[in-house]
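Me: Please show me the structure, and then let us go through its pockets.

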Amino acid sequence: MTIHWCGTGLSAIPGLRRLIEGGHKVTVWNRTIEKAKAEVGDLTSDIRVFDIDALAAVLEQGDVIVSMLPGDWHVPLAELAIAKQANFVSSSYIAPEMRALDEAAREAGVALVNEVGLDPGIDHLMAHALIDDYRASDAFDPQNHLSFISYCGGIPKHPNPFRYKFSWSPLGVLKALRSPSKSIRNYAPLDVARPWDAITSYIAPLPTPESFEVYPNRDSIPFMAQYHFEDHWPVKEFVRGTLRLNGWADAWSGVFAEIETLSGPEGDARLKEMSDQFWADNAYDEGEPDRVVLCVGLKAEKDGVPVWHKTYVMDAWGDDRGTAMARLVSVPVSLAVEAVLNRAIPAGVHAAPNDPKLVQGWMAEIDRLAQHLAIIDHSN
């Protein structure tokens with residue numbers, strides 16, 4: 001079985017190196033061979049120019065394609081995997097077009113595994129662990145009122161005036177700011193057109209509690225089913241969102257005001273111009289540590305009184321192993337590849353696993369990647 005790892009961008013390398021060092025047969029595909037050689041040339045010489053036809057020519061039954069390429073490549077590569085009875089892994093959200101491949105993947109007997117990076121990925125594992133813990137507890141009652149939060153953010157370890165730094169092109173961050181979100185607040189759907197319309201404060205239960213600005217992103221509501229919330233459970237709050245340093249909203253207020261006015265080709269051109277300027281002014285310096293904070297919490301209340309409340313919290317930063325973001329995205333991807341090779345994930349389209357054995361094993365590995373990982377029991 002060969003692992004065909006496509007893409008050697010900034011967030012791909014630790015997981016790729018882990019698989020090669022672990023003795024797996026890996027072929028590395030990248031648009032530029034020189035860049036890939038600079039990252040893993042000390043470990044392997046099996047590095048090829050990425051071309052989907054060239055990949056198709058060597059892909060065999062039981063192989064695994066890993067896509068760390070831009071999102072528009074995921075579905076074509078997953079379709080190729082099905083055609084060749086190979087498997088597929090990516091860290092990205094499951095797009096409707098990927099979801100639509102579920103039946104074909106099951107018929108072919110192959111796994112298409114997505115959402116196995118940091119967010120989405122580690123956040124899912126934490127959510128599954130908490131919900132399993134709650135279900136098994138004496139406090140569990142289908143009538144309890146539930147509040148669920150999941151906040152993740154990549155932030156500078158050493159804050160700057162802009163309250164944010166970029167590891168790669170800021171264009172994606174700027175485009176995300178134009179996206180609406182849907183979550184649940186006070187038992188009702190909350191639709192937000194722009195993130196800055198719903199910024200709130202959140203105190204993360206770190207060893208030294210720390211306050212952050214948070215806001216909902218994307219559509220949180222489908223994840224209730226993914227996390228095995230029952231339809232009849234009363235849900236007071238359910239939000240998956242982004243975490244930023246305090247002061248971020250003020251530092252970015254001018255950005256928000258301008259983004260609101262942009263549209264059409266001229267707007268896209270201006271976004272690109274803004275992106276280039278932000279990259280020049282606020283990119284990480286060589287060797288400068290980044291930081292990732294992730295908090296996933298579940299609270300159950302009965303008659304307005306908390307009866308069960310735990311938060312899974314992680315704090316990680318760049319060190320001599322490289323950036324926190326790179327290892328927290330790519331090492332879980334490598335764990336998913338190994339799970340697929342071990343047939344621990346069934347055929348079909350899947351997000352990060354909820355199997356307790358896999359969740360426990362992966363979180364033990366993540367504990368080694370992060371400087372701090374803990375489950376806080378707020379009832380103690």
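Some questions and answers on the pockets follow.

Reply: This is a predicted model, in which local features need pLDDT of at least 70, side-chain atom pairs count only at pLDDT 80 or more, and totals for chains, interfaces and linings use all residues. Residues are numbered from 1 along each chain as its sequence is written, and side-chain values use heavy atoms, with hydrogens and water left out.

Me: What is the volume of the largest pocket?

Reply: A pocket is an open set of points on a 1 Å grid over the protein atoms alone, where a 1.4 Å probe fits, with protein on both sides within 12 Å along at least five of seven lines; lining residues have an atom within 4 Å of a point. Points are joined across faces, edges and corners, and the volume is the space filled by probe spheres set on them. For the largest pocket this gives about 1700 Å³.

Me: Which helix gives the most to the lining of the largest pocket?

Reply: Helices are DSSP runs of H or I with at least four residues, numbered from the N terminus. The lining has 50 residues, with G172 and V173 among those nearest the centre. The largest contribution, 5 residues, comes from helix 8.

Me: Why does the second largest pocket lie between two domains?

Reply: The second largest pocket has a volume of about 540 Å³, and 21 residues line it. Domain bounds come from an automatic or database domain assignment. The pocket lies between the two domains because its lining takes residues from both domain 1 (3–113) and domain 2 (122–322 + 354–377).

Conventions:
Helix = DSSP H or I, 4+ residues; strand = E, 2+ residues; numbered from the N terminus.
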